[in-house]
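Reader: I'd like to go through this one with you and ask how each label was earned. Shall we start with the ligand?

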Amino acid sequence: MIVILLGPPGAGKGTQARVMAEKYGFKHLSTGDALREECSNNTTVGRKAREYMDEGLLVPDDIIFEIIRKNISQHRDILLDGFPRNISQAVRLDSILKDISRKISYVFYLETDDKILIKRLTSRRVCPVCGKIYNIITLPSSRGSYCDIDGAELSQRDDDKTGVVKKRLAVYKTETHPLVEFYSEKELLYTIDGEKDIEALLMDISAIIDKGGSNGH
Ligand code: AMP
């Protein structure tokens, strides 16, 4: 099964992807996480990607497809988080999937209001070791500014600082949001209320997956 989580930055895609991967055994494929790993390993790809990420811009498609291509044929159940991010990526994804006789099962669109997004993004903290996502207001660590899993000091993503957040939201609107219509026309889109908490969101998504339909079963 191939599932896409679509939505603006801060809609909770990463957090939801982690709980869904645990529940359904999906391979969680986050292009943002993969790029951040390339950056921290200081690879050629990472150095190139960072120039765009620091500005809140989308990384060129060719870099993204190097990451996607490696993973997509290796796993049966895949959860795509933060990809595709524009129409051209979605079209290219369709063509790769066609070549390997696979189809997208569901696209879950986490619809969320802008005001909430800015608040969520600027108060987000992440564990640099295990990647667990926290929020200093709504989902704090039980160990203050340290991860409650491995004790590492939590950090704020450079692109979660206010100036870059606004740019990322603007880029989302022009580049990524048109995918809502793209997948709706293909009858793959399910709109979910992204303002609900993690468990309620998981229940809404699970109800759709467990019922089957679409290309899911
Ligand atoms: P995310 O963790 O999904 O919010 O992504 C962080 C940053 O990585 C984005 O602001 C982009 O610069 C870059 N990025 C992640 N996924 C993609 C993608 N599919 N296409 C282009 N850029 C991406």
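Reader: What makes the pair formed by a nitrogen atom of the ligand and the side chain of Thr31 a polar contact?

Author: Glad to start there, and keep in mind that this is a predicted model. The ligand nitrogen is 2.8 Å from an N or O atom in the Thr31 side chain. A polar contact needs N or O atoms within 3.5 Å, so this pair counts as one.

Reader: Which side chains have an N or O atom 3.0 Å or 3.2 Å from an oxygen atom of the ligand?

Author: Arg85 has one at 3.0 Å, and for Arg157 the distance is 3.2 Å. Both values are within 3.5 Å, so these are polar contacts by the rule used here. As for cover, the ligand taken alone exposes 480 Å², of which the protein buries 95%.

Reader: How many residues surround the ligand, and of which classes are they?

Author: There are 16, with Thr31, Arg36, Leu57, Arg85 and Gln89 the closest. The shell has seven nonpolar, four polar and five charged residues. Helix 2, residues 31-40, gives the largest share, four residues.

Reader: Why is Thr176 called buried?

Author: Its relative accessible area is 3%. Buried means under 20%, so Thr176 qualifies.

Reader: Where does Thr176 lie, and what does Thr176 touch?

Author: Thr176 is part of helix 7, residues 162-176. Leaving out residues up to four places away in sequence, Thr176 touches Leu6, Pro84, Arg85 and Val171. One of these, Arg85, is also among the residues closest to the ligand.

Key
Residues are numbered from 1 along each chain as its sequence is written. This is a predicted model: local features need pLDDT of at least 70, side-chain atom pairs count only at pLDDT 80 or more; totals for chains, interfaces and linings use all residues. Side-chain values use heavy atoms; hydrogens and water are left out. A residue is near a molecule or strand if one of its heavy atoms lies within 4 Å of it. A polar contact is a pair of N or O atoms within 3.5 Å; within protein, one must be able to donate a hydrogen and the other to accept it, and residues adjacent in sequence count only if both atoms are side-chain atoms. Accessible areas come from the Shrake-Rupley method with a 1.4 Å probe; for residues, only the protein chains shown count as cover. Helices (H or I, at least four residues) and strands (E, at least two) are DSSP runs, numbered from the N terminus. Ala, Val, Leu, Ile, Met, Phe, Trp, Tyr, Cys and Pro count as nonpolar, Asp, Glu, Lys and Arg as charged, and the others, Gly among them, as polar. Buried means under 20% relative accessible area, exposed over 50%, partly exposed in between (1.4 Å probe, protein chains only). Contact means heavy atoms within 4.5 Å.
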